[in-house]
Structure formats: structure tokens, C-alpha cells
Amino acid sequence: MEYRSFEQIYLQYYKPVYAYLMTLCQNEELAAELTQETFYQAVRSIDRFDGSCQVSTWLCQIAKHLFHQDLRKRRREEPLPEEEGALPPLPSAEAEVLEQTGRLDLLRRVHDLPEPGREVVYLRIFGNLSF
């Protein structure tokens, strides 16, 4: 296929290929990018086009292949969703110091409790016993 006729093919089929990709991905930017890649791949493989199907069918097959290829690539790059019970982010040093200070203050207050109450709290906190 000569240069002039491929330019005509591009002008004739750009919108239908773009519309087809829009139905697949629902994203204007991605559809435009994949449309350009479709025509690039078509130029590269024009010698393998045997004419057994319509040009529009051939271009949409290339577009579909590129869409699925992009989808697989995005899935590999996608971060894993946080699982239930996953570890929370580590606290900052400042938050850790404040938490330790709060614990020390709490232990001091427990130590100042009268004897029967203090023993109950110690058994609950350190012995994991119920109240």
C-alpha cells in the first residue's frame, strides 16, 4: 500500500477506530493514545495485511489487541488493595514519644490508685483478666 492511500485510510478510519476504543476503555486520553498506536502498528505491519477482511475490521482488531495489552500492563502496575488486618502505617517518632509519654502518665496514675483498685487494673492490663 502506498503512502498516499494510507493517509486516506487514516483520514477515513480515525474516527471509527477512536469511537471503538472509547467503547472499550471509556477514557478519552487513553482512546486517543491507543488510536495513534493502532495506526502506527498498522503502518509497521501493512505488508501482513492480506485483504481477507475489511480495513476497518483489521484496524479494530489491532486496536482491540492494543487495548488488552494496555489493560494487562495496567493490572501489573496497579497497587494491591489493602487487605483486612494489614499493618497500619508506622507512626512518626513524635507520635511514638507522645504515646510512650501517655503510657507512662497512665501507669503513674494507676500506681497512685488505692490498693484494691490498683490491683484490679494491674490484673486487667498485665494479666489480661476480665474486670
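Here are some notes on this predicted model, written as numbered points.

1. Start with the overall layout. The chain has 5 helices and 0 strands, and reading from the N terminus its elements go α-α-α-α-α. So if you are hunting for a strand, you can stop looking, because the count of strands is 0.

2. Next, look at what is covered and what is not. The chain has 131 residues, and 21% of them count as buried. About 10800 Å² of the chain is exposed, with carbon and sulfur atoms supplying 54% of that area. As for contacts between residues at least 6 apart in sequence, 49% of them join residues at least 24 apart.

3. Helix H3 deserves a moment of your time. It covers residues 55-77, which is 23 residues. From first C-alpha to last it reaches 33 Å, close to the 33 Å expected at 1.5 Å a residue. Its buried residues are Val55, Trp58, Leu59, Ile62, Ala63, Leu66, Phe67 and Asp70.

4. Now find Thr38, which sits in helix H2 (residues 28-44). Is Thr38 buried or exposed? Thr38 counts as buried, because its relative accessibility is 0% and the cut-off for buried is under 20%. Setting aside neighbours within four places in sequence, Thr38 touches Val17, Leu21, Leu59, Ile62, Ala63 and Leu66. Among these partners, Leu59, Ile62, Ala63 and Leu66 are also on the list of buried residues of H3.

5. Gln26 is a bit of an oddity. You'll find Gln26 in the loop between helix H1 (3-25) and H2. Its phi is near 55 degrees, a positive value in a residue other than glycine. Most residues other than glycine have a negative phi. Gln26 also counts as exposed, because its relative accessibility is 62%.

6. How many salt bridges are there? The count comes to 2. One of them joins the side chains of Arg74 and Asp70, at 2.6 Å from N to O. These two residues are 4 apart in helix H3, so about one helical turn separates them. Asp70 is buried, with a relative accessible area of 12%, whereas Arg74 is partly exposed at 43%.

7. Another salt bridge pairs Arg109 with Asp105, and here the closest N and O atoms are 3.4 Å apart. Both residues belong to helix H4 (residues 93-111), where they lie 4 residues apart, about one turn of the helix. Arg109 is exposed, with a relative accessible area of 57%, while Asp105 counts as partly exposed at 34%.

Note on methods
Residues numbered from 1 in each chain as written. Predicted model: local features only at pLDDT ≥ 70, side-chain atom pairs only at ≥ 80, totals over all residues. Heavy atoms only, no water. Buried < 20%, exposed > 50% of the residue type's maximum accessible area, 1.4 Å probe, protein only. Contact = heavy atoms within 4.5 Å. Areas by Shrake-Rupley, 256 points an atom, 1.4 Å probe, with all protein chains shown as cover. Expected span 1.5 Å × (residues − 1). Salt bridge = Lys/Arg side-chain N within 4 Å of Asp/Glu carboxyl O.
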